[in-house]
Number of protein chains: 2
Amino acid sequence: MNHQKPIVLTGDRPTGPLHLGHYVGSLANRLLLQQTTKQYIMIADVQALTTHFDDPKKVHEHVIDVALDYLAVGIDPNNSTIFIQSMIHELFELTVYFLNLVTVNRLKRNPTVKTEIQQKGYGENVSAGFLMYPVSQAADISFVKATIVPVGEDQLPMIEQTNEIVRAFNRIYNTNVLVECKGIVPEIAGRLPGLDGKAKMSKSLGNAIFLSDEPDLIKEKVMKMYTDPNHIHVKDPGKVEGNVVFTYLDVFDSDKKKVAELKQHYQRGGLGDVVLKKYLIEVLENFLHPIRQRRKQLAQNKDEVMNIVLQGTERTREIAAQTLKEVREVMFLDY
Amino acid sequence: MNHQKPIVLTGDRPTGPLHLGHYVGSLANRLLLQQTTKQYIMIADVQALTTHFDDPKKVHEHVIDVALDYLAVGIDPNNSTIFIQSMIHELFELTVYFLNLVTVNRLKRNPTVKTEIQQKGYGENVSAGFLMYPVSQAADISFVKATIVPVGEDQLPMIEQTNEIVRAFNRIYNTNVLVECKGIVPEIAGRLPGLDGKAKMSKSLGNAIFLSDEPDLIKEKVMKMYTDPNHIHVKDPGKVEGNVVFTYLDVFDSDKKKVAELKQHYQRGGLGDVVLKKYLIEVLENFLHPIRQRRKQLAQNKDEVMNIVLQGTERTREIAAQTLKEVREVMFLDY
């Protein structure tokens, strides 16, 4: 373990298999980060339960799905430590200590949570667990003493909340046990729109292509993809902006010259959606084929995959035990 | 371990040494309960931190104070299990799972918490930790599967909150792993007024006689005790109602006939406060002397006392591990 390397904490809620949006938004960045940092990737089952507490079986099942996706895209367990959140018992403890350092009103003002409460329609019936999840996140980030947390723009308030808690903890307990982190919005990351052209690809919106989708299903999904609704006849000129097919080509086709040509052709007319989509299917298949193959191979021995995750969890536990030892010491909780 | 015995969960926040109010309100009842039940007595340091998070050293110090008080009054570690809350790591985990089963609004409606928020002047700045402490209490009660929780009248809403959570948990996870409890307001318990006649003896109100107070200090405190402000001259008739000296005599003097005589004498006039108070000092000293002596003896070997607590904690941990194993199973958190 090289202590000079920055420590990264990242992860996903296991609420479904990962899709292209995850790849673009975070997985691609993690493949880079694992080269240069000490990266912890958390399968956030406890966080998943804040919204899926009444469907824990699904959360359980998706843990292995997510792990398979990680390994399939090239997360290397020798360079990245994958772990299961609920198995790091110290996280619960740190969360409870942190709850004393935050006011309820501060939590309610968190813009990310505010938006989510609206989106999910929780209103006045928001659960305590949901309102507190930024505190739980602060524990996730600070127990490994992460200095870098890759985030989307919309999650920057979470980082601010974490650092507020870290500063309060260090000030009140007169220590420097915990460290502040920096939220990094990855340069290479973008937000991939859904098939329907909606801002975000998401399982719950039903507009996603999963990393594990079979070729037939990908074809079906791309054929339904949102293009230019006014591009009725092949000969008509079509719009490139907001045309999801081109957005995907921009991201997944390495042949930038070809994409530029297709755009020109489409704009002047004469390039039909079907032809264009068939090309995207080819591009996506080139990208997804090796991932799908690796995933299938790995899925033949799920025990081994789970073993990799459990080993990562074990390594993470050691860090957690060490941090909590330090935390308990400054809080005079060592008996 | 006799599984037929009811399981009791009780305890104190280690925010100071215990006083006569604790004795009357709960310790006396625990001495009875330990004969007939399986009683767990929690030194609630984590709960103490919800109000004393910025003074953890004091909380730490008072853990041993409280343990000394327990043993000095006759809590028998062979019949009662004394344990330290923060060392039962499963409690943090259970608390976090429970947070998903309660709405923030429900917590805000809790009458006990509402009153405390007012009394402590937290107002809009109430910490998340404080608002949630009933959830943490629900974890304390349910992890030992307590069926009886001795409470004051004002704490009955806590029991209702606990049972709501237990029912929600069992319903959502289709189980009967957790059990509901009954809040018992002990018959023998009363609320001892403070020296100043205020409704409640309390360290923070500065109106308490501690179990560990030296005779001189007790004398000083009793001499300042609130009696009848209109009873100026010895020969004047005095009032018995609201006269703290008589309230204490009613509780601590086993010679009921004598107390009745004193009351009559006081009411018809001719019994001075000083004489009366000297008698109370004697009565209290008879009660507190053996407790103080045992406490001093125990305090000579604090390591041994701590050992008793740590052994109790170890036994409690086994229960906690078993309950959490069951909890994780029904929540599909077993990997």
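A residue is buried if 20 or more other C-beta atoms lie within 10 Å of its own, exposed if 12 or fewer, and partly exposed in between, with C-beta atoms placed from the backbone. This is a predicted model: local features need pLDDT of at least 70, side-chain atom pairs count only at pLDDT 80 or more, and totals for chains, interfaces and linings use all residues. Residues are numbered from 1 along each chain as its sequence is written, while chains are lettered from A and ligands numbered from 1 in the order in which they are written.

**Exercise 1. Classify Ala67(A), Met306(B) and Gly272(A) as buried, partly exposed or exposed.**

Step 1. Locate Ala67(A). It sits in helix 3 (residues 56-73) of chain A. Helices (H or I, at least four residues) and strands (E, at least two) are DSSP runs, numbered from the N terminus.

Step 2. Count around Ala67(A). There are 24 other C-beta atoms within 10 Å, so Ala67(A) is buried.

Step 3. Turn to Met306(B), in helix 14 of chain B. With 16 other C-beta atoms within 10 Å, Met306(B) is partly exposed.

Step 4. Take Gly272(A), in the loop between helix 12 (256-268) and helix 13 (273-299) of chain A. Here the count is 16 other C-beta atoms within 10 Å, so Gly272(A) is partly exposed.

**Exercise 2. List the contacts of Ala67 in each chain and of Met306(B), leaving aside neighbours within four places in sequence.**

Step 1. Fix the rule. Two residues are in contact if their C-beta atoms, placed from the backbone, lie within 7 Å.

Step 2. Apply it to Ala67(A). Its contacts beyond those neighbours are Ile43(A), Ile82(A), Val305(A) and Val309(A).

Step 3. Do chain B. Ala67(B) touches Ile43(B), Ile82(B), Val305(B) and Val309(B), again with neighbours within four places left out.

Step 4. Now Met306(B). With neighbours within four places set aside, its contacts are Tyr335(A) and Ile64(B).

Step 5. Place Ala67 in the core. The largest nonpolar core has 194 residues, and Ala67(A), Phe98(A), Ala67(B) and Phe98(B) touch the most other members. Such a core is a set of buried Ala, Val, Leu, Ile, Met, Phe, Trp, Tyr and Cys residues joined through C-beta atoms within 7 Å.

**Exercise 3. Describe the overall build of chain A.**

Step 1. Count elements. Chain A has 14 helices and five strands.

Step 2. Test compactness. The radius of gyration is 22 Å, close to the 20 Å that the globule rule gives for 335 residues, so chain A is as compact as a globular protein of that length. The radius is taken over C-alpha atoms, and the rule is 2.2 Å times the number of residues to the power 0.38.

Step 3. Add the extents. The C-alpha trace of chain A spans about 80 × 45 × 40 Å along its principal axes.

Step 4. Check burial. Of its 335 residues, 45% count as buried.

Step 5. Check the range of contacts. Of those in chain A with a separation of 6 or more, 77% join residues 24 or more positions apart.

**Exercise 4. Work out how helix 4 and helix 14 of chain B are covered.**

Step 1. Start with helix 4. Its burial is 10 of the 10 residues, so helix 4 of chain B is largely enclosed by the rest of the structure.

Step 2. Find its cover. From chain A this includes helix 2 (45-52), helix 4 (90-99) and helix 7 (128-131); from chain B, helix 8, helix 9 (156-172) and helix 14.

Step 3. Move to helix 14 (residues 302-330) of chain B. Its 29 residues reach 42 Å from first C-alpha to last, close to the 42 Å expected at 1.5 Å a residue. The expected span is 1.5 Å times one less than the number of residues.

Step 4. Name buried positions. Among them are Val305(B), Val309(B), Gly312(B) and Val327(B).

Step 5. Find the cover of helix 14. Strand 2 (38-43), helix 3 (56-73) and helix 13 (273-299) of chain B are included.

**Exercise 5. Relate the two chains and describe the interface.**

Step 1. Superpose. A turn of 180° and a shift of 0.0 Å along the axis lay chain B on chain A with an RMSD of 0.1 Å. That is the relation of a two-fold axis. The fit is by least squares on the C-alpha atoms of residues with pLDDT of at least 70 in both copies.

Step 2. Find the residue of chain B that comes closest to the rotation axis. It is Phe92(B), at 2.6 Å (C-alpha).

Step 3. Count the contact. Chain B gives 43 residues and chain A gives 43 residues. By class, the side of chain B that touches chain A has 27 nonpolar, 11 polar and five charged residues. Ala, Val, Leu, Ile, Met, Phe, Trp, Tyr, Cys and Pro count as nonpolar, Asp, Glu, Lys and Arg as charged, and the others, Gly among them, as polar.

Step 4. Compare the sides. Of the interface residues of chain B, 100% are also interface residues in chain A, so the copies meet through the same surface.
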